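Work through the exercises below with the sequence and the model at hand. Each task is followed by a stepwise solution.

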Amino acid sequence: MIGYATIGISDMARAQAFYDPLIALLGGHRLHVDERFTFYGAAPQAMLAICTPYDGAAPSSGNGAMIALKAPSHADVDRAHAK
């Protein structure tokens with residue numbers, strides 16, 4: 001059910017230097033990297049992502065943090081959204 005969780009960060013290179021070896025110890029690796037995100041995991045299991053907040057403000061407990069829920073189909077997403 002959990003697709004991924006994100007942790008807000010302000011320095012991507014420093015965060016990657018911390019999370020790369022940590023995630024490797026847990027059996028994961030980088031799955032996707034772009035200028036704002038680095039996703040870690042061991043697909044198809046849930047992932048952890050580090051990201052700079054979209055609004056450009058400093059990361060905080062409510063800025064840069066996100067939980068993504070997986071759904072079996074787009075119709076299920078629509079039903080959950082309607083609920």
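**Exercise 1.** Locate asparagine 63 in the fold, and decide whether the residue is buried or exposed.

Solution.
- Step 1. In this predicted model, asparagine 63 lies in the loop that runs between β4 (47–51) and β5 (66–69).
- Step 2. Buried means under 20% relative accessible area. Asparagine 63 has a relative accessible area of 17%, so the residue is buried.

**Exercise 2.** Which polar contacts does the side chain of asparagine 63 make, and which residues does asparagine 63 touch beyond four places in sequence?

Solution.
- Step 1. One polar contact, at 3.0 Å, goes to the side chain of aspartate 55.
- Step 2. The side chain of asparagine 63 also reaches a backbone atom, the oxygen of alanine 58, at 3.2 Å.
- Step 3. Not counting residues up to four places away in sequence, asparagine 63 touches Gly8, Pro53, Asp55, Ala57 and Ala58.

**Exercise 3.** Describe the surroundings of threonine 38.

Solution.
- Step 1. Threonine 38 is part of strand β3 (residues 37–41).
- Step 2. Its relative accessibility is 0%, so threonine 38 counts as buried.
- Step 3. The side chain of threonine 38 is joined to that of glutamine 16 by a polar contact of 2.8 Å.
- Step 4. With neighbours within four places in sequence left aside, the contacts of threonine 38 are Met12, Gln16, Arg30, His32, Val33, Leu48, Ala49 and Ile50.

**Exercise 4.** Do the same for phenylalanine 37, and state how far leucine 25 lies from phenylalanine 37 in sequence and in space.

Solution.
- Step 1. Phenylalanine 37 also belongs to strand β3.
- Step 2. A relative accessible area of 15% makes phenylalanine 37 buried.
- Step 3. Leaving aside neighbours within four places in sequence, phenylalanine 37 is in contact with Thr6, Met12, His32, Ala49, Ile50 and Cys51.
- Step 4. Leucine 25 and phenylalanine 37 are 12 residues apart in sequence, and their C-alpha atoms are 20 Å apart in space.

**Exercise 5.** How many aromatic pairs are there, and why is the pair of phenylalanine 18 and tyrosine 19 classed as it is?

Solution.
- Step 1. The count comes to four aromatic pairs.
- Step 2. For phenylalanine 18 and tyrosine 19 the ring centres are 4.9 Å apart and the planes stand at 90°, so this pair is edge-to-face.
- Step 3. Phenylalanine 18 has 51% relative accessibility and therefore counts as exposed, whereas tyrosine 19, at 14%, counts as buried.
- Step 4. Phenylalanine 37 and phenylalanine 39 form a stacked pair, with 5.5 Å from centre to centre and 15° between the planes. Both of these phenylalanines are buried.
- Step 5. Tyr4, Phe37 and Phe39 form one aromatic cluster.

**Exercise 6.** Summarise the whole chain: what is its pattern of helices and strands, and what are its spans, burial and surface?

Solution.
- Step 1. The protein chain has two helices and five strands, in the order β-α-β-β-β-β-α along the sequence.
- Step 2. The C-alpha trace spans about 40 × 30 × 20 Å along its principal axes.
- Step 3. Of the 83 residues, 25% count as buried.
- Step 4. Among contacts with a separation of 6 or more, 52% are between residues 24 or more positions apart.
- Step 5. The accessible surface is about 5,800 Å², and 61% of this area belongs to carbon and sulfur atoms.
- Step 6. The chain carries 6 positive and 7 negative charges, whose mean positions are 7 Å apart.

Terms used. Residues numbered from 1 in each chain as written. Predicted model: local features only at pLDDT ≥ 70, side-chain atom pairs only at ≥ 80, totals over all residues. Heavy atoms only, no water. Helix = DSSP H or I, 4+ residues; strand = E, 2+ residues; numbered from the N terminus. Buried < 20%, exposed > 50% of the residue type's maximum accessible area, 1.4 Å probe, protein only. Contact = heavy atoms within 4.5 Å. Areas by Shrake-Rupley, 256 points an atom, 1.4 Å probe, with all protein chains shown as cover. Lys, Arg positive; Asp, Glu negative; His and termini not counted. Charge placed at Lys NZ, Arg CZ, Asp CG, Glu CD. Phe/Tyr/Trp six-rings, centres within 6.5 Å; stacked < 30°, edge-to-face > 60°. Polar contact = N/O pair within 3.5 Å; in protein donor to acceptor, adjacent residues only side chain to side chain.
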